[in-house]
Amino acid sequence: MERAKNKIIIATTQSITLNLFYDEIVKKLLSENYNITLLMNDPNNLKYNLNYIKLDLPKKIYQFFNIFKIIKLIYKIRKILKNNKSAIFLLNTPLIAHFFRFSSFFLKTKIIYFVHGYRFHDTSNKLYFLFFFILEYILSFKTNAYININNYDYNITKKFFKKNNILINGVGIKIENKYKKKNKTNTFVVGVISAYRKNKGYDKIIKVANHLDSLKKKIKFECFGYGNKIIFNKEIIKKNIKNIKLNDFTSNIEDKIKEFDILLHLSVREGLPVSLMQCLSLGVPIIATDIRGNRDLVTHNYNGHLVNLNTSIENISNLIIKHYNDIKYNDILSKNAFKSLDFKYSKDFISKEIANFINEINKI
């Protein structure tokens, strides 16, 4: 006789998170006899043929001040929680995690927060840090367990929230088995993989590209991301920068990464960036900001470089020029990059870890 299925609701803000990163996790949970429902604000974009719930979450800052809309949203979430008392809720992204846990007070629930990066971190403004830390501390009382993806968040959870938690290497990537040296071309390619948002460092990236363009180096920037790139393209056109191109994100990003000589990642906040793991696994050295998550992956002067958030445009440009001028040095860091990740970063390993952890929490 087949055992009864356990119900799990995987909730996130936008379907792109599930589409890009959850293939193996969904497959593993289905094989573990879980009945899966997906929840987000844009189910029409889902690639999975599974049950779903649409939730109209705020998309703009001003919408948070619409009290009627917020009360209506909380009422709907509480109804979802009440109607799924036996389900585990796996929450992704701070927005959905905050709304669900706030709405769950005085209800019996089983909630796991898959933390892709707390809103507070060691390089954030002190008041900003304090506000979101206190908020998370309060919401931790309605959290049964945490899944963390970087050492900083994991240690915070252990020390202050004192809940069941595990540390895993993100959502997993495809691990290459063999190192393949990049074919040399006349142009040095600096790759960028980030959503088109200011906090991903595009203002600085454009300035670095502009600086190198003025030096007439054979260096080009190939950027891939999703979101609104119009404002950044306007700046590129205004300054007549010819060595940078903003591309839409592509499902075959690994093929694009193989053309990179180096990855530039100047984000101000991260969890554990998939783009960095993908590049390391394909032997691409990284220049990244010295922040939570990045420093878990990049070892300075081994598989890349960590730069301070306030590092000048000239210093970042000089690092790129160093790799451009010294091919042997770039090759050494490339080989080190390829050796940086083991099987514990693979999708298969991580999906098993997550399923095992969910099963443990389900028994409590």
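**Exercise 1. Lys220 and Glu222**

Task: At 34% relative accessibility, does Lys220 count as buried, partly exposed or exposed? Classify its salt-bridge partner as well.

Solution.
- Step 1. The model is predicted, and the cut-offs are as follows: buried is under 20% relative accessible area, exposed is over 50%, and partly exposed is in between.
- Step 2. Lys220 has 34% relative accessibility and therefore counts as partly exposed.
- Step 3. The partner of Lys220 is Glu222, and the closest N and O atoms of this salt bridge are 3.6 Å apart.
- Step 4. Glu222 has a relative accessible area of 18%, so it is buried.
- Result. The salt bridge joins Glu222 and Lys220; Glu222 is buried, whereas Lys220 is partly exposed.

**Exercise 2. The chain as a whole**

Task: State how many helices and strands the chain has, and explain why it can be called as compact as a globular protein of its length.

Solution.
- Step 1. The chain holds 14 helices and 13 strands.
- Step 2. Its radius of gyration is 21 Å, close to the 21 Å that the globule rule gives for 364 residues, so the chain is as compact as a globular protein of that length.
- Step 3. The C-alpha trace spans about 65 × 50 × 40 Å along its principal axes.
- Step 4. Of the 364 residues, 54% are buried.
- Step 5. Contacts between residues at least 6 apart in sequence are considered next: 67% of them join residues at least 24 apart.
- Step 6. The accessible surface amounts to about 18300 Å², and carbon and sulfur atoms account for 53% of it.
- Step 7. The chain carries 60 positive and 29 negative charges, and the mean positions of the two sets are 5 Å apart.

**Exercise 3. Glu136 and Arg101**

Task: Which parts of the chain does the salt bridge between Glu136 and Arg101 tie together? Determine also whether each partner is buried or exposed.

Solution.
- Step 1. Side chains of opposite charge can pair when their charged atoms come close.
- Step 2. In the pair of Glu136 and Arg101, the closest N and O atoms are 2.6 Å apart.
- Step 3. Glu136 belongs to helix α5 (residues 126–139) and Arg101 to helix α4; the pair therefore ties together parts that are 35 residues apart in sequence.
- Step 4. Glu136, at 2% relative accessibility, counts as buried.
- Step 5. Arg101, at 0% relative accessibility, counts as buried.
- Step 6. The salt bridges number 13, and the one between Glu136 and Arg101 is among them.

**Exercise 4. Lys352 and Asp348**

Task: Where do Lys352 and Asp348 lie, and how many residues apart are they?

Solution.
- Step 1. Both residues lie in helix α14 (residues 347–363), 4 residues apart, which is about one turn of the helix.
- Step 2. They form a salt bridge whose closest N and O atoms are 3.3 Å apart.
- Step 3. Lys352 is partly exposed, with a relative accessible area of 37%; Asp348 counts as partly exposed at 42%.
- Step 4. Elsewhere, salt bridges with shared partners join Asp122, Asp290 and Arg295 into one network.

**Exercise 5. Positive phi at Thr93 and Phe106**

Task: Locate Thr93 and Phe106, and decide whether each is buried or exposed.

Solution.
- Step 1. Thr93 has a phi near 75°, a positive value in a residue other than glycine.
- Step 2. Thr93 sits in the loop between β4 (88–92) and α4 (94–103).
- Step 3. With 18% relative accessibility, Thr93 counts as buried.
- Step 4. Phe106 likewise has a phi near 75°, positive although the residue is not glycine.
- Step 5. The loop between α4 and β5 (110–114) contains Phe106.
- Step 6. With 84% relative accessibility, Phe106 counts as exposed.

**Exercise 6. The surroundings of Thr157 and Arg119**

Task: Which residues does Thr157 touch, and which does Arg119 touch, not counting residues up to four places away in sequence?

Solution.
- Step 1. Thr157 is placed in helix α6 (residues 151–161) and is buried, with a relative accessible area of 0%.
- Step 2. Not counting residues up to four places away in sequence, Thr157 touches Tyr118, Tyr146, Asn148, Lys162, Lys163 and Asn165.
- Step 3. Arg119 is in the loop between β5 and α5 and is partly exposed, with a relative accessible area of 26%.
- Step 4. Under the exclusion of residues up to four places away in sequence, Arg119 touches Pro94, His98, Tyr128, Phe132 and Arg269.
- Step 5. Asn165, a contact of Thr157, is 46 residues from Arg119 in sequence and 18 Å from Arg119 in space, C-alpha to C-alpha.

How values were computed:
Residues numbered from 1 in each chain as written. Predicted model: local features only at pLDDT ≥ 70, side-chain atom pairs only at ≥ 80, totals over all residues. Heavy atoms only, no water. Helix = DSSP H or I, 4+ residues; strand = E, 2+ residues; numbered from the N terminus. Rg over C-alpha atoms; globule rule 2.2 N^0.38 Å. Buried < 20%, exposed > 50% of the residue type's maximum accessible area, 1.4 Å probe, protein only. Contact = heavy atoms within 4.5 Å. Areas by Shrake-Rupley, 256 points an atom, 1.4 Å probe, with all protein chains shown as cover. Lys, Arg positive; Asp, Glu negative; His and termini not counted. Charge placed at Lys NZ, Arg CZ, Asp CG, Glu CD. Salt bridge = Lys/Arg side-chain N within 4 Å of Asp/Glu carboxyl O.
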